[in-house]
Number of protein chains: 2
Amino acid sequence: MSKPSQPKHAISPTRAEDFPEWYQQVVKAADLAENSETRGCMVIKPWGYGIWELIQRQLDQRFKETGHQNAYFPLLIPVSYLEKEAEHAEGFATECAVVTHHRLEAVKDEETGRTRMVPTGELAEPYVVRPTSETIIGAAFSRWIESYRDLPLLINQWANVMRWEMRPRLFLRTAEFLWQEGHTAHETREEALEETRMIHRLYTGFLRDHLAIPVIPGEKTENERFPGAEMTLTVEAMVQDRKAIQAGTSHYLGQNFAHAQDISFTGRDGSVQHAHTTSWGVSTRLIGTLIMAHSDDDGLVCPPRVAPWQIVILPVAPKPESREAVFESCQALAETLRHQSYCGEPLRVHVDTREMNGGVKKWEWIKKGAPVRIEIGPRDIETRKVCVQRRDRAANEKEFMPKEDFLRGVGEMLDSVHHMLLERARGFRDAHITGCADMAAFDDHWAADNPGWLLTAWNGTPAQEEEISKRHKITIRCLPVDHAMLPGEAVETAGSNCILTGEPAPQLALWGRSY
Amino acid sequence: MSKPSQPKHAISPTRAEDFPEWYQQVVKAADLAENSETRGCMVIKPWGYGIWELIQRQLDQRFKETGHQNAYFPLLIPVSYLEKEAEHAEGFATECAVVTHHRLEAVKDEETGRTRMVPTGELAEPYVVRPTSETIIGAAFSRWIESYRDLPLLINQWANVMRWEMRPRLFLRTAEFLWQEGHTAHETREEALEETRMIHRLYTGFLRDHLAIPVIPGEKTENERFPGAEMTLTVEAMVQDRKAIQAGTSHYLGQNFAHAQDISFTGRDGSVQHAHTTSWGVSTRLIGTLIMAHSDDDGLVCPPRVAPWQIVILPVAPKPESREAVFESCQALAETLRHQSYCGEPLRVHVDTREMNGGVKKWEWIKKGAPVRIEIGPRDIETRKVCVQRRDRAANEKEFMPKEDFLRGVGEMLDSVHHMLLERARGFRDAHITGCADMAAFDDHWAADNPGWLLTAWNGTPAQEEEISKRHKITIRCLPVDHAMLPGEAVETAGSNCILTGEPAPQLALWGRSY
């Protein structure tokens, strides 16, 4: 066989060849998750779950710092709860897991002789497995809140939820997923709006500072709002096929749920009032987002703050007689590193002592996306050097540096990896947001392969929005809240007259295809 | 009204008056949890969930230190999975939530005009909400394990599970509960047995060192084993009505599940073998156990290591002009304390600045079981003293001590609270374990109110055990693994001949009523 002229990559197909299949292969190669025999449900494997645990711990700390408390509410929601808020019910009840029986009975099949388990014990009222918990948490709030002194009530839940997805995709869209759902109740509209916006800022910052993902924060149009909400704020990420992923949302629910569920309180003036509520959440979808945002044709690239191992040390000891000294040196380095902290947590360092081919082992960690790899061999011990390889750089790029220098600079190096990923993603995103003020150009744009996002001025009606959306299989991802976060050229080109009506429209809309 | 002659308690009824009702009232007064409208399911409120978060974090650390990794598996288990291991299916399938449909449809009731949501979209194969995950995790293990090199596989899952309990009781027995379930696969029987025993020791130590509960570790008899297991180890706690609570179990599953689910591997000799598996778990039941073990007639008594706030500081500022100085002093003390650590974690300190009656506030924290309360008033600032009250002592007992002494000794004080609770529980338990070698005395024992446990020598058959169990509504809680952990007098009295057969029986059995 002749040598291939193309550089060889660990993942096949590459992003350019087949992005959706590349994604599946990265998830597999990094051993993050897999499909199960439960329709649309995934098994999250240790490396994937490790990322989720870090996301969870770091977000949880931010929620607690902003005054929220965790609690836990029932998995099953009585169907009658869903009947109370019609719009909400319509949005969620269509595809959900319904529990109708509470017992299985073993029945022997006369023909085959096999025993089958069949449902029995029908319930008077069926339950749904929570698709989201507004209704059941609202019922608790209704019991807990009596006076304005009980407000604000700031609750968060870490839980599994279920929506019967028709086209599941690992992490991005699965029937069951893990998430957090915040639910808060406030005395006034202003306070509830401020909570909604505060969480929106928190999510924006979390994605930027922990996942190295530069999202565009904005408001959803009426068409795209959470069922039952008066305002939905979203953070939208662009991934490498230029599609959008809605990475987190924060909803102002007005008094809709409070009316439907009687979340009322005696106000300061003695009158009975209904609370203003909010809800907000992010899910294991964040893992899908970070994979699609950062990974390359060699596999996962994991941002340092959520990498289960930030530094993987690989002993290189081809000769048995040097083995012990090399292993000892690796373990000693790991111990020293573990006493250092990065972003307020001890460094997470792993020494891979498995007996296996060194090249295969190294590529395993490349595919799993460990931010920094260190190789130490017998000669490095003598010279007191380490061989450092960064996941954000080419797989064959390595730097030999004095161990002391590495130890002194390891925090900065991880920061540098983080910022490289963030800036690369920001550069990519900004290069694929284009301003547009001309409807013909707008229509042409979506015929391209992997079209980027278009930014336009917009004051069309919901019906007009829907018509355009259907025509091009796109949506308004958001009405950006901060024009300074958009590429300046796109803002300028979009102008200030609605692309459809031509009327003055100070509001910009960001259009795109999405997952 | 004349003064009541009895000392007044915060919880009514008291333990002596009505233990089950006292328990409900403690859960309510401490704001730990409440019933929901989902049958048998509870809402875990922030103070109760805070305890669970600490249990979870501290146990999780121990699991990771012993080489386990977390992962996540589907909530819904195809019914056909349960058909594979007959004994297991029989044990769990009888009462469980069955998902049969994946959609709700809005149907207008012609008579009432109201819209009802009815199940539609029947599934070809129903699912059960996991009552435990041996079957679905076994299916994953079957995919993951190919060679002896893949073993041992050491996995843990933090999850919600569901069993359709007929007589639910908050924390102790609820339809849905939170737990961890460890699932491991090993090359040999010996390795799997050692894993089962190691986790058993881990649970024993965790309950003693974190929850101040002195359990009796032992083995379950065949009658009481986990469905499908070859050996079940248990840790049994005695609570204040002298009943037993099975607080955690660790099962050696032999090759039963491996055969049922084809968890096989190529061994060192090239032959195909079946893995030896284990499973083990503790749940939110631990919270019920600690409430019943330690609490008193004034409410919850929370062991320091799992108290959401270990120290609660109450500003006492009756006059407005001293308010600011007192608040500042309290916050400064809290900050100093938060920089100290206890058992490897920063001290958890809360300053309760709510404007409300001081007595009511103080009693709230007594009922919630905060281990140490500190009062600071204007005079204490001058004298540089703090007023310290410990939850393990009488509610009116207080000690004024120099602030510096308190700060220096706070870790020791929390240790002292922990050990007081542990020793009190141990003393209570040992006083209510009685050795018995005479069948007539044995039979008489169970007629008493709140009978304690009986220790006997035992070599009866499963049928004989069942007969005795039914007669007195008792069970063999365990066959203790370490006689040195039992009260010496009871061991001596129990003797070495079976209480029933009179035959030599080196094995002791511990009998009792249980939750």
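This report describes the domains, the chain symmetry and the main sheet of a predicted two-chain model.

Residues are numbered from 1 along each chain as its sequence is written, and chains are lettered from A and ligands numbered from 1 in the order in which they are written. Because the model is predicted, local features need pLDDT of at least 70 and side-chain atom pairs count only at pLDDT 80 or more, whereas totals for chains, interfaces and linings use all residues.

**Domains of chain A**

Chain A is assigned domain 1 (20-97 + 131-294), domain 2 (304-429) and domain 3 (433-512); these bounds come from an automatic or database domain assignment. Between the C-alpha centres of domain 1 of chain A and domain 2 of chain A there are 36 Å. In the contact of these two domains, 19 residues of domain 1 of chain A meet 13 residues of domain 2 of chain A, two residues being in contact if their C-beta atoms, placed from the backbone, lie within 7 Å. On the side of domain 1 of chain A that touches domain 2 of chain A, two or more residues each come from helix H2 (46-65), helix H6 (189-211) and helix H8 (285-294) of chain A. Helices (H or I, at least four residues) and strands (E, at least two) are DSSP runs, numbered from the N terminus. H2(A) contributes the most to this side, with six residues. By class, the side comprises twelve nonpolar, five polar and two charged residues. Here Ala, Val, Leu, Ile, Met, Phe, Trp, Tyr, Cys and Pro count as nonpolar, Asp, Glu, Lys and Arg as charged, and the others, Gly among them, as polar.

**Relation of the two chains**

Chain B is superposed on chain A by a rotation of 180 degrees with 0.0 Å of shift along its axis, at an RMSD of 0.0 Å. The two copies are therefore related as by a two-fold rotation axis. The superposition is by least squares on the C-alpha atoms of residues with pLDDT of at least 70 in both copies. Among the residues of chain B, B:Val99 comes closest to the rotation axis, its C-alpha lying at 2.1 Å. Since 100% of the interface residues of chain B are also interface residues in chain A, the copies meet through the same surface.

**The eleven-stranded sheet**

In chain A, eleven strands form an open sheet of mixed pairing, in the order E3-E7-E8-E14-E11-E10-E9-E24-E25-E23-E22. Its edge strands, each paired on one side only, are strand E3 (69-70) and strand E22 (433-435) of chain A. Two strands pair if DSSP finds at least two bridges between them. Three pairings within chain A are set out below.

| Strands | Sense | Bridges | Opposed residues |
|---|---|---|---|
| E10(A) (231-238) and E11(A) | antiparallel | eight bridges | A:Leu233 and A:Ser250 |
| E11(A) and E14(A) (276-283) | antiparallel | four bridges | A:Tyr252 and A:Thr278 |
| E23(A) (453-457) and E25(A) (508-512) | antiparallel | four bridges | A:Thr456 and A:Ala509 |

H8(A), one of the helices that touch domain 2 of chain A, also packs on the sheet, touching strand E8 (176-186), E10, E11 and E14 of chain A. Its direction makes about 145 degrees with that of E11(A); axes are lines fitted to C-alpha atoms, for helices over the stretch in contact, and angles run from 0 to 180 degrees between N-to-C directions.

Nine of the nine residues of strand E11 (residues 244-252) of chain A are buried, so E11(A) is largely enclosed by the rest of the structure. A residue is buried if 20 or more other C-beta atoms, placed from the backbone, lie within 10 Å of its own. In the hairpin of E10(A) and E11(A), five residues lie between the strands, and A:Arg242 takes a positive phi near 70 degrees.

In chain B, E22(B) runs parallel to strand E23 (residues 453-457) of chain B and is joined to it by three bridges. B:Ile433 has B:Trp453 as its bridge partner in E23(B).

Terms used
A residue is buried if 20 or more other C-beta atoms lie within 10 Å of its own, exposed if 12 or fewer, and partly exposed in between; C-beta atoms are placed from the backbone.
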